[in-house]
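Hi everyone, thanks for coming. Let me put the structure up on the screen, and then we'll walk through it together.

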There are 2 protein chains.
Amino acid sequence: MKLAIYGYGNLGAGVECAALQNPDAELIAVFTRRNPDTVKTLTGVPVYSADSILDFKNKIDVLIICGGSATDLPEMTPYLAKYFNVVDSFDTHANIPVHFDNVNKAAEENGNIALISAGWDPGMFSIARIYASSILPVGNDYTFWGRGVSQGHSDAIRRIDGVLDARQYTVPVPEAVNSVRAGEEPELSTRQKHTRECFVVAAEGADKAKIESEIKNMPNYFSDYNTTVTFITEEEMKKNHSSLPHGGSVIRTGKTGVNGENKHVIEYSLKLDSNPQFTASALIAFARAVFKMHGRGITGCKTVFDIAPADMSALSSEELRAHLL
Amino acid sequence: MKLAIYGYGNLGAGVECAALQNPDAELIAVFTRRNPDTVKTLTGVPVYSADSILDFKNKIDVLIICGGSATDLPEMTPYLAKYFNVVDSFDTHANIPVHFDNVNKAAEENGNIALISAGWDPGMFSIARIYASSILPVGNDYTFWGRGVSQGHSDAIRRIDGVLDARQYTVPVPEAVNSVRAGEEPELSTRQKHTRECFVVAAEGADKAKIESEIKNMPNYFSDYNTTVTFITEEEMKKNHSSLPHGGSVIRTGKTGVNGENKHVIEYSLKLDSNPQFTASALIAFARAVFKMHGRGITGCKTVFDIAPADMSALSSEELRAHLL
């Protein structure tokens with residue numbers, strides 16, 4: 001399958017790396033909104049201007065769109081789905097239904113297939129939730145994120161006056177996780193589930209007490225959490241906080257038996273050194289599914305719920321039955 | 001959807017319990033090879049002789065076959081797939097390709113759909129393996145079972161002279177699990193992965209030393225493992241070992257990055273108070289998928305790899321996108 005990347009940031013570069021590990025994938029182009037001459041790919045894949053994308057119609061089996069969910073993808077995916085089979089990782093949960101409708105119209109009218117909200121959350125975590133809740137209809141779902149870097153929260157801190165750089169780690173509260181794993185089905189407030197650790201580089205002479213207070217009282221982002229703020233130097237930031245680890249767990253606990261006498265715990269967990277590289281690896285597997293499904297004449301907008309696992313694998317059905325079942 | 005159970009042991013009774021938790025499932029009949037008058041169902045579902053099954057053609061949407069993999073299912077599933085949409089939990093991994101071919105022929109020729117090898121292993125563990133290996137093609141798979149009762153190993157002990165009853169627990173070796181979870185990608189021998197704990201009720205006057213030696217040296221079952229044997233009374237067996245817990249973990253570790261510089265760990269784990277009830281709960285969700293897929297005109301033999309997650313859920317696609325994605 002011939003793949004291309006639209007948008008070359010951390011995620012796009014991750015897709016480029018992941019393509020190397022998938023012999024059935026050929027990465028033919030990277031598209032950027034920047035001046036292509038200024039963009040160097042990791043493995044020498046040619047870079048083109050995003051403006052020239054339509055010259056590649058019929059040359060790309062699946063286009064992987066690596067834009068941001070806030071403003072990029074709501075525009076990009078419906079537009080590009082008119083001309084290509086596409087995969088995106090749209091992750092603004094609340095806006096998924098609207099995004100789905102826009103993309104579905106574009107893809108359906110043009111005979112393409114578009115998979116939205118792929119990755120790990122939404123994505124593999126969503127898949128964990130649907131399987132677990134389908135099998136144990138009487139039960140409770142819990143999702144814990146981290147320990148990992150939240151880009152959105154890091155960005156929010158960076159917007160504060162006097163802050164040069166910031167990194168925010170989301171950390172699950174061990175007591176909460178243990179209680180859930182023990183099948184105790186606790187009711188947990190936002191504060192009881194996660195803490196937030198902030199590492200901040202302040203400008204010289206900045207009012208650190210004021211910065212700390214602004215962070216801790218920021219609505220939505222921090223005020224509902226127990227938050228710690230640690231001021232560090234630019235050197236410490238580079239040395240200790242330059243990677244983007246993440247992960248988390250989706251846990252469902254439920255009961256079976258005539259009187260609900262038996263408890264069960266299903267847990268799906270990820271521990272990732274690099275959030276963008278893992279997301280990118282998932283996108284390639286989902287792109288394979290899109291490629292196979294389009295080959296069977298399937299069109300329109302899909303989500304990870306619509307993808308049979310066999311379509312994600314490079315192995316044949318016979319190999320899968322013989323070796324993975 | 002109208003469901004029926006074929007074979008009423010632990011698993012069949014589990015399906016009966018699970019049906020209560022799924023409002024879209026109506027359990028209309030239990031079929032048994034025993035005298036139906038001697039079989040009492042937990043919730044009053046009517047019991048019929050297995051010989052009368054063909055009288056129910058066109059009255060059952062999905063028949064859940066709850067027989068054993070050694071001799072029952074290889075006969076039952078191909079036969080019943082001629083007349084019904086069926087689900088089984090065939091779990092003899094090595095014979096799945098042959099079973100698939102036999103069932104596929106029967107189902108395909110008669111316009112039915114048959115899902116084989118559903119449950120948790122094969123089943124949900126297989127699904128965990130295919131997703132993880134599709135996303136991280138460069139990596140290693142590990143499956144740990146337990147702590148849980150292995151019926152096959154318990155039966156093997158019961159066949160020894162002088163043994164009245166036995167229960168065998170499969171136990172993962174904590175050091176091995178920890179090493180895998182840490183991404184160390186160890187090479188593990190059979191002995192390094194699991195230990196086997198045996199609880200045995202011996203007949204009065206039986207030679208316990210001989211029984212213990214026979215267990216520990218039994219090829220395939222025990223000789224490759226560190227095995228402990230504890231003799232207990234019949235009362236202790238009833239009191240402490242009457243439930244059938246099980247579980248385990250499927251772990252894949254892999255690397256990404258141009259030079260494989262980032263490690264990732266994907267883990268899917270189950271902790272089950274009742275192995276048959278959880279398996280049964282999975283079978284109902286898979287039966288729902290069979291029902292939906294047959295409604296779309298799909299026929300032939302399928303495995304869990306061929307099932308899109310959305311088909312397992314009682315929720316609509318709109319609800320799934322809005323709430324679970």
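Which handedness does the β-α-β unit made by β4(A), helix α2 and β5(A) have? Before I answer, please keep in mind that this is a predicted model. The unit is right-handed, and its helix, α2 of chain A, covers residues 72-80.

Let's stay with strand β4 of chain A, residues 62-65. Its side chains point in two directions: A:V62 and A:I64 go one way, A:L63 and A:I65 go the other, and all of them are buried. In general, side chains in a regular strand alternate between the two faces of the sheet.

Now for the partners of this strand. Strand β1 of chain A, residues 2-6, runs parallel to β4(A) and is joined to it by 4 bridges. One pairing to look for is A:I5 with A:I64. Strand β5 of chain A, residues 86-87, is also parallel to β4(A), with 2 bridges between them. There, A:L63 sits opposite A:V86.

Let's zoom out to both chains. Chain B superposes on chain A by a rotation of 180° with 0.0 Å of shift along the axis, at an RMSD of 0.0 Å. That is how a two-fold axis relates two copies. Both copies use the same surface, as 100% of the contact residues of chain B recur in chain A.

Finally, the cavities. There are 3 of 30 Å³ or more, and the largest holds about 140 Å³ of space. It is lined by 15 residues, and among the closest to its centre are A:Y268 and B:Y268. Helix α4(A) contributes the most to that lining, with 6 residues.

Note on methods
Residues are numbered from 1 along each chain as its sequence is written. Chains are lettered from A and ligands numbered from 1 in the order in which they are written. This is a predicted model: local features need pLDDT of at least 70, side-chain atom pairs count only at pLDDT 80 or more; totals for chains, interfaces and linings use all residues. Side-chain values use heavy atoms; hydrogens and water are left out. Copies are superposed by least squares on the C-alpha atoms of residues with pLDDT of at least 70 in both. Contact means heavy atoms within 4.5 Å. Buried means under 20% relative accessible area, exposed over 50%, partly exposed in between (1.4 Å probe, protein chains only). Two strands pair if DSSP finds at least two bridges between them. A crossover is right-handed if, with the strands pointing away from the viewer, the path from the first strand over the helix to the second runs clockwise. On a 1 Å grid over the protein atoms alone, a cavity is a set of points where a 1.4 Å probe fits but cannot get out, and a pocket is an open set with protein on both sides within 12 Å along at least five of seven lines; lining residues have an atom within 4 Å of a point. Grid points are joined across faces, edges and corners, and a volume is the space filled by probe spheres set on the points.
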